[in-house]
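Colleague: I am new to this structure and should be grateful for a close look at a single part of it. Could you please take the salt bridges around one helix and describe them in full?

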Amino acid sequence: MKILYLHQYFNTPSMAGGTRSYEMGRRLAAWGHEVHMITTDRDGRFDSTKAWHETDEAGIHVHWTPIPYSNKMSYGQRIKAFFEFSWRAARRAVSIGGDIVFATSTPLTITLPGVYASKRLKTPMVFEVRDLWPEVPIALGVLKNPLVIATARWLERFAYKNASHIIALSPDMKKGIVELGYPELQVTVIPNSSDIDSFCIDPKIGADLRSKHSWLGNRPIVLYAGTFGKINGVAYLAHLAAETRKLNPNILFLAIGDGKEWDFTEKTAFNLGVLGDNFFMMHSIPKKEIGAWFSAATITTSLVINVKEAWKNSANKLFDSFAAGKPIAINYYGWQEEILTKTDSGIILPPDNLQAAAKLLVSKLENIEWLNHASNNAKKLAVETFSRDKLTKQLSEILIKVIEDHRE
């Protein structure tokens with residue numbers, strides 16, 4: 001089949017950020033499908049005077065259009081980028097043609113070129129929901145204007161109405177979609193996945209990384225690798241480091257990434273007196289290099305602010321940790337909490353009680369038997385439940401069935 005894969009924020013392993021679309025796309029291409037990825041050049045890699053650039057990324061035909069974007073941009077600038085990409089992507093998709101349109105959010109505006117191409121080409125569209133948008137930004141107070149909220153809700157329903165099938169990244173997301181009236185049998189949960197090849201790193205690599213950075217030494221490392229956005233609340237980790245230092249000053253916290261709240265997190269850590277002591281920060285590094293840091297870590301983390309709507313997320317960090325065979329600490333509840341509790345592959349840090357969170361974290365980091373047990377359980381989840389190969393096969397089967405049903 002010829003797949004038109006629309007993703008505004010597509011990343012390759014040489015870029016910083018999640019690589020779900022790359023990993024899914026390259027597998028589909030390796031299995032004989034023709035995959036055309038339509039995306040943006042956000043970082044100025046190509047000549048901005050040309051509307052489109054084409055590359056081959058592990059068998060994926062990638063079509064890049066230069067549209068700058070970062071979460072440091074103003075809300076208005078981001079909205080402009082969303083609609084500019086929608087306009088360009090719609091025309092590009094129609095010019096390429098295909099058997100099926102696979103549009104993945106966010107942003108929700110991806111549905112506009114997806115539906116347009118689907119109608120023009122008379123092909124079905126499968127829509128992938130990565131976040132329940134606009135539910136989360138409304139809960140966070142990011143969306144306040146009644147007209148903007150109404151438009152966003154209309155876009156959400158428009159996407160579902162025009163999709164032949166919906167992929168949800170978590171059971172909680174599926175529940176939200178079904179509650180809006182979409183048929184339950186036409187919604188499939190395919191969560192973020194574990195890239196075992198990328199994160200199953202020889203422990204010697206982690207040890208070598210420690211030796212290159214004297215400030216790491218042999219200290220237990222609590223790692224955060226991800227976005228410094230409002231929803232992540234990474235400053236929580238700085239506060240946790242301050243509380244943990246009272247119990248065990250040898251434990252080291254490391255936060256790697258970039259985002260709108262980088263400066264705020266750094267300032268918080270500085271004011272707490274932990275920056276450069278037991279709390280360290282590094283800017284984003286390419287995805288292909290992050291596995292070494294997971295190898296060096298003792299335990300990893302996934303964080304969101306204490307807003308219930310955010311619990312429905314499907315955090316890449318969770319599945320990367322499983323792939324690395326590392327226990328993970330999260331500070332939220334919901335379906336991911338249920339997985340960790342059921343399998344004893346990580347811990348739940350109380351989001352509103354830092355003293356209790358620090359006490360729990362220290363007790364686990366000082367328990368070598370539990371660390372080994374949780375590590376084994378994490379790796380088992382990666383191999384048996386969340387393998388990228390397994391979940392991409394599930395996606396492939398859905399796309400093929402949707403095409404067959406459409407032709408019938």
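Modeller: A network of salt bridges links Glu23, Arg26, Arg27 and Asp389; a salt bridge here is a side-chain nitrogen of Lys or Arg within 4 Å of a carboxyl oxygen of Asp or Glu. The model is a predicted one, in which local features need pLDDT of at least 70 and side-chain atom pairs count only at pLDDT 80 or more, while totals for chains, interfaces and linings use all residues. Residues are numbered from 1 along each chain as its sequence is written, and side-chain values use heavy atoms, with hydrogens and water left out.

Within the network, Glu23 forms a salt bridge with Arg26, their closest N and O atoms lying 2.8 Å apart. Both residues belong to helix α1 (residues 20-30) and are three residues apart, about one turn of the helix; helices are DSSP runs (H or I, at least four residues), strands likewise (E, at least two), numbered from the N terminus. Glu23 also meets Arg27 in a salt bridge, again with 2.8 Å from N to O. Glu23 and Arg27 are separated by about one helical turn, because they stand four residues apart in helix α1.

The three residues of helix α1 can also be described by their accessibility. Glu23 counts as buried, at 4% relative accessibility, and Arg27 is buried, at 8%, whereas Arg26 is partly exposed, at 26%. Buried means under 20% relative accessible area, exposed over 50%, and partly exposed in between (1.4 Å probe, protein chains only). The structure as a whole holds 13 salt bridges.
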